[in-house]
Amino acid sequence: MTSRARTDITFCRIRPAHQVTEAAAGTRRAEGTTSLELPCSDEESVAACLAGGLLPVSVGAADEGVASWVVPPDESLDLSDRGVAGWRLTVVHTDSRSEVIDALARTGAAFLRTGRSRVVEAADICCLPTIEARPSVFADSVAEAVAAVDEGARDLLLRDWDTERIGELREALGGRLVERVAVPGGITVDEARDSLAGDLFKVYLDLVDGGGYARPRYTWAPGKPASPPLNPRRLSAAWQDALWTDGAWPGMAQASPEVRAILDRSIEGTPPTVPETATLLSARGDDVDAIAAVADVLRRERVGETVTYVVNRNINYTNVCYFRCGFCAFSKGPRSLNLRGDPYLMSIEEVVSRTTEAAARGATEVCLQGGIHPAFTGRFYVDVLSSIKEAAPEMHVHGFTPLEVWQGAETLGMPVRAFLEMLKEAGLGTLPGTAAEILDDRIRKHLCPDKIRTSQWAEVMLIAHELGLRSTSTIMFGHIDDPLAWANHLEVIREIQRRTGGFTELVPLPFVHMGAPIYLRGRARPGPTWDEVVLVHAVARLALDGLVPNIQASWVKLGMDGAARLLSAGCNDLGGTLMNETISRAAGASHGQEVDAAELEATIETAGRIPARRNTLYQAMEGRVRPCI
């Protein structure tokens, strides 16, 4: 478990309940509640609570099946002896100070539940060495909450508070407010997976962001038709009250000292370390805007006001795959035949036909990606390339992920280097940086357990770059990952780029959850929040400064308005026209399968920037492109 600075004040929107129905729980969730406290946590009430999307909390009883417990010291010790993690425990502040201290020290409980008249004493106990519990108290008004914080409370329990009153409290506390659910923030998905079973884990994931804190209540997610929660005067959408949504970012002075120090060093040319990158990626509220502002400054200094795009076509030649990636709704392998869409495999003639059609419409690139068909060997990839180059010799072929390269080399019984040399000879121009997902094996072993590991992905890229084949890089985020995993991923990209200089860009790809098997099984979050989208793009600009000059915003995942907004957060590229992109659509994305160059240029100009058409290697292209038909 990781924790935020103890100066932050956490709060939980929680209500007491007795017998619970699914309808009542659903109503409470719609009102903003995340957790219900049950004095008698019977199976029916717990099930109804979960069905309504809320986390059940047991009060005064050691019943099973709940997210957390609020119990006296002796019962907390019993639960701890039964293997319950301390982050799931709240100890009730009883009259025996020694018993309370003993329970907190032995269980590692997250909170000490106290009354308004005893906050000072509770704070004194929680300040003892090695005790990490936060004094936690109910508050019924802004004035009462502020008084409790002044006396040492570090966690507030809010009943019947609407969004606007919470906004008033945030302002009264100087912005030091972070929402949690029934358990403290900072819990990793690994810890939650090990402790929360079945529907309990699913509901928890639906309620939290990558840092384990409560998600904002908007319905937007990557790939959904709804517009992102955009504010023309600030990038963070952390809060929904009018004080936030109608206001402007107050400026760098509101950034936290820790974040401000990292940003100051970044402006001076010192990129963040891995721990500092994780700190930036964990930012909230005003810090998000500060990070985006500095990313925008670095973008302007490094690449100017030009925003580029490429006229290309994606050719997804098969959706049959024998790998079992939990995030993928595109593949139709033997274990996923229940997903929508029929299995298909294009002939090489069809791939060539789509390539020549793209060339006729002005495309300079075809991007070849697909599933790993069980009948494929590396010969298929070579034959596709040779056939394309014979029919359209000027077309740049951007194709075959490190996974496809690794599998192709294995099936032909040759080293990766020899196979890459064969692909290059056949006409391969560059490699897409996909199949990366998250380059952190802690995450990969659950997200894509049978896929190549980080070192294998890096091996392919290093060799490709050494052979003169450049590539893109990607990061697919917002599922079972966290800020530390994102920071580790960016460090892998930095390490490779320092050695080879072969990456042309980084493309952050927000997880589209709606059709993803891992989400449908209740084992992943519903994509990143908007603030996480902003942070991954902006922090990538800071972390890769001086190494990778181009950061792309994906209109396929975010829609055109979302991608355009990221042009103020360090991005300088909007990707390609695509012509028949299908992978994101299979996952449930509602955004179009293609756009024409005119629409991309209009979006860029509306954002106040200068559009420029490029090729795959970021070389400027002259002339207009025929509109898509």
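Biologist: Is His479 buried or exposed?
Modeller: His479 counts as buried, because its relative accessibility is 0%. Keep in mind that this is a predicted model.

Biologist: Where does His479 lie in the chain?
Modeller: His479 sits in the loop between E15 and H20.

Biologist: And which residues is His479 in contact with, leaving aside its neighbours within four places in sequence?
Modeller: With those neighbours set aside, His479 is in contact with Ile438, Ile443, Leu447, Phe511, Ala524 and Arg525.

Biologist: How far apart in space are His479 and Ala359?
Modeller: From C-alpha to C-alpha, His479 and Ala359 are 36 Å apart, and in sequence they are 120 residues apart.

Biologist: Back to E15. In which sense do strand E15 and E16 pair?
Modeller: E15, which covers residues 470-477, pairs with E16 in the parallel sense, over 6 bridges. One example is Met476, whose bridge partner in E16 is Leu509.

Biologist: How does the chain cross from E15 to E16?
Modeller: The chain goes through helix H20, residues 483-500, and this β-α-β crossover is right-handed.

Biologist: Why is E16 said to be largely enclosed by the rest of the structure?
Modeller: Strand E16 spans residues 503-510, and 8 of its 8 residues are buried, so the rest of the structure largely encloses it.

Biologist: What about E1, how many of its residues are buried?
Modeller: In E1, 7 of the 8 residues are buried, so the strand is mostly covered.

Biologist: Which strand do 3 bridges join to E1?
Modeller: That is strand E2, residues 35-38, which runs parallel to E1. Within this pairing, Pro16 has Glu37 of E2 as its bridge partner. To get from E1 to E2, the chain passes through helix H1 (residues 22-31), in a right-handed β-α-β crossover.

Biologist: How many bridges join E1 to strand E8?
Modeller: There are 4 bridges between E1 and E8, residues 155-158, and the two strands run parallel. Phe11, for instance, has Leu156 in E8 as its bridge partner.

Biologist: And how many to strand E9?
Modeller: Strand E9, residues 177-180, is joined to E1 by 4 bridges, again with the strands parallel. Here Cys12 has Arg180 as its bridge partner in E9.

Biologist: New topic, holes. How many cavities of 30 Å³ or more does the structure hold?
Modeller: The structure holds 3 of them. The second largest cavity has a volume of about 90 Å³.

Biologist: Which residues are the closest to the centre of that second largest cavity?
Modeller: They are Val70, Thr90, Arg113, Arg180 and Ala182, out of 13 residues that line the cavity. Arg180 came up before, as the bridge partner of Cys12.

Biologist: Which strands each supply at least two residues of the lining?
Modeller: Strands E1 (9-16), E4 (68-71) and E6 (111-113) each do so for the second largest cavity.

Biologist: How do the residues of the lining divide into nonpolar, polar and charged?
Modeller: For the second largest cavity, 7 are nonpolar, 3 are polar and 3 are charged.

Biologist: Let's move to Pro271. Where is the place of Pro271?
Modeller: Pro271 is in the loop between helix H11 (257-267) and helix H12 (274-281). Its relative accessibility is 30%, so Pro271 counts as partly exposed.

Biologist: Which residues is Pro271 in contact with, apart from neighbours within four places in sequence?
Modeller: Pro271 is in contact with Glu276, Arg494, Leu542, Ala543 and Asp545. The C-alpha atoms of Pro271 and Ala543 are separated by 5.3 Å, although the two residues are 272 residues apart along the chain.

Biologist: What does Asp545 touch, not counting residues up to four places away in sequence?
Modeller: Asp545 touches Pro271, Leu298 and Arg302. Asp545 is found in the loop between helix H22 (530-543) and helix H23 (555-565), and with a relative accessible area of 12% it is buried.

Biologist: Last one, backbone angles. What is the phi of Thr130?
Modeller: Thr130 has a positive phi of about 75°, although it is not a glycine. Most residues other than glycine have a negative phi. Thr130 is in the loop between helix H5 (119-126) and strand E7 (134-139), and it counts as exposed because its relative accessibility is 75%.

Biologist: And is Tyr618 buried or exposed?
Modeller: Tyr618 counts as buried, at 19% relative accessibility. Tyr618 also has a positive phi, of about 65°, and is found in the segment after strand E18 (610-614).

Note on methods. Residues numbered from 1 in each chain as written. Predicted model: local features only at pLDDT ≥ 70, side-chain atom pairs only at ≥ 80, totals over all residues. Heavy atoms only, no water. 1 Å grid on protein atoms, 1.4 Å probe; cavity = no way out; pocket = protein on both sides within 12 Å on 5 of 7 lines; lining within 4 Å. Points joined across faces, edges and corners; volume = space filled by probe spheres on them. Nonpolar A, V, L, I, M, F, W, Y, C, P; charged D, E, K, R; others polar. Buried < 20%, exposed > 50% of the residue type's maximum accessible area, 1.4 Å probe, protein only. Pairing = 2+ DSSP bridges. Right-handed = clockwise from strand over helix to strand, strands pointing away. Contact = heavy atoms within 4.5 Å.
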